[in-house]
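Reader: Please take one part of this predicted model and go through it closely. I would like the strand arrangement and its packing treated before anything else, then the ring contacts.

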Amino acid sequence: MRLPVVCIIGRPNVGKSTLFNRILRRRVAVVSPVSGVTRDRHYAVAEWDDRHFALVDTGGLVLHSDDPPASLGTEEMQRHITAQSKLAIEESDAVVFVVDGIAGPQPEDRQIARFLLKSGKPAVFVVNKIDKRAQEGDIYEFTKLGPFDPLGISALGGQSIPDLLERIGAAVAPLSDGEGEEEGERPIHVALVGRPNVGKSSLANVLLGSGRMIVSPEPGTTRDSIDTTLTYEGQPFVLIDTAGLRKRARVKDQLEFFTALRSIRAVHRSDIVCVLLDASEPLSLQDFKIAETAIEAGKGLFFAVNKWDLVEKDTDTAGAYAKDLRSRIRTISWAPIVFISALTGQRAARVLTMARTIAGTLQTRIATSELNDSVLADAASKPPPAIKGRYIKINYVTQLPDPPPTFILFCNHPDLIAAPYIRYLTRRLRERYGFEGVPIRLVFRKKN
């Protein structure tokens, strides 16, 4: 599915992170009165009027710098920051341009406005910190920045946020939800993701039988997500080779950040996510976070352990590695593991075979009668624990038609279902029906 990207831009300390949190209705970005504060997260999926879009919080844009770091000359620093600004805008489908209604128009705002107008991207112009009705007339001061229709809001107090979301929705509405595939069998979109230098481009080259991707021992060679079509055993595929995702602490500049954003977008554009691991390195938290991103997006998931040719082996090296890996990812131990060598090509085709198998599993549908027999039997043998004397009874189960497998369970107290019980029912569904490599979603609703 096409996931529109909406980027929040503006000079430092105009309230971008506060607005980011307000739109998401939860505290995700760290906010501070000190300009330039480090944020713990820059990206999240937002929803408005049944439309989902990726919302991106950026650092303050400064198109001129009179006091650059000593390591960079003034001219080089300006080029560096301008490149960051271009990436912020070019990688988005629409832009929310935020200015400070208390401070009034600033020279930096004018520079960003000119830059934005040249880009031609749809823009929603927001005058923040309009907390009182008496301030509403102040927003028209900003019309001197360009042909924008200013909207006065308060990110802190929540005023006019629904109007802002309506404008964002209108800006991204023309985007297609489909990938625009030609008639015929739809290709399976496989995203190759992982930390830098684990061999993503090498694997893509082996599968394609060509040197289209640039392969280098230097981490970070791939700066964009590259789509390539191929056919394997009659099945068309689209390989999405992505830039490596680094730990947040190592994403030191906006170039790295927007490279990571491209990889996250690739996950959302895919059907199946292959998380590539380096056999010589232990599983990292970042690998797990990549997998979590795929699960949240409802994508099929598996791990490919690369550089397996470099590992000394005994009678059950692969089995021991898989057992250790699953012990580290217990919540997603249902994700298959394949062992490959992108350098030699050994077992590389298993990536495509596994992707095709999981793509089929994503389409699994269980008859409603069978589903009710099995799930209600599990619920009867181990009913949900009573909460404050209220007993929970599950009455009916049905599956939604679209992937990933999503089951609606009707009961008398859906708000009392605890996470451990959801894990129990999910485990029983996997034991009965497999669902290897795909996330399962359980949704509890009040019975009629």
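Author: Three strands, in the order β13-β14-β15, form an open sheet with mixed pairing. Its edges are β13 (394-399) and β15 (441-446), each of which pairs on one side only. Averaged over the sheet and with direction ignored, neighbouring strands are turned by 25° against each other. In general, the strands of a sheet pair through backbone hydrogen bonds, and the sense can be parallel or antiparallel. Here β14 (residues 406-411) runs parallel to β15, and the two are joined over 6 bridges. Within that pairing, L409 has F444 in β15 as its bridge partner.

A helix belongs to this picture as well. Helix α10 (residues 368-381) packs on the sheet and touches β13 and β14. The direction of α10 makes about 140° with that of β13. A separate contact involves a charge and a ring: the charged end of K382 sits over the ring of Y424, at 4.5 Å from the ring centre.

The ring contacts come next. The structure holds 11 aromatic pairs. One of them joins F125 and F142, whose ring centres are 6.3 Å apart; their planes stand at 70°, which is over the 60 degrees required, so the pair counts as edge-to-face. This contact links distant parts of the chain, since F125 lies in strand β5 (residues 123-128) while F142 lies in the loop between β5 and β6 (151-152), 17 residues apart.

How buried are these two residues? F125 has 2% relative accessibility and F142 has 0%; both values are under the 20% limit, so each residue counts as buried.

F125 also pairs with F148. Their ring centres are 5.0 Å apart, and the planes meet at 35°, a value between the limits for stacked and edge-to-face, so this pair is tilted. F125 is in strand β5 and F148 in the loop between β5 and β6, so the pair ties together parts that are 23 residues apart in sequence. F148 is buried, as is F125.

These contacts belong to a wider group: ring pairs link F97, F125, F142 and F148 into a cluster. Within the cluster, F125 takes part in the edge-to-face pair with F142 and in the tilted pair with F148.

Technical notes:
Residues numbered from 1 in each chain as written. Predicted model: local features only at pLDDT ≥ 70, side-chain atom pairs only at ≥ 80, totals over all residues. Heavy atoms only, no water. Phe/Tyr/Trp six-rings, centres within 6.5 Å; stacked < 30°, edge-to-face > 60°. Helix = DSSP H or I, 4+ residues; strand = E, 2+ residues; numbered from the N terminus. Buried < 20%, exposed > 50% of the residue type's maximum accessible area, 1.4 Å probe, protein only. Lys NZ or Arg CZ within 6 Å of the ring centre and 35° of its normal. Pairing = 2+ DSSP bridges. Axes fitted to C-alpha atoms, helices over the stretch in contact; angles between N-to-C directions. Contact = heavy atoms within 4.5 Å.
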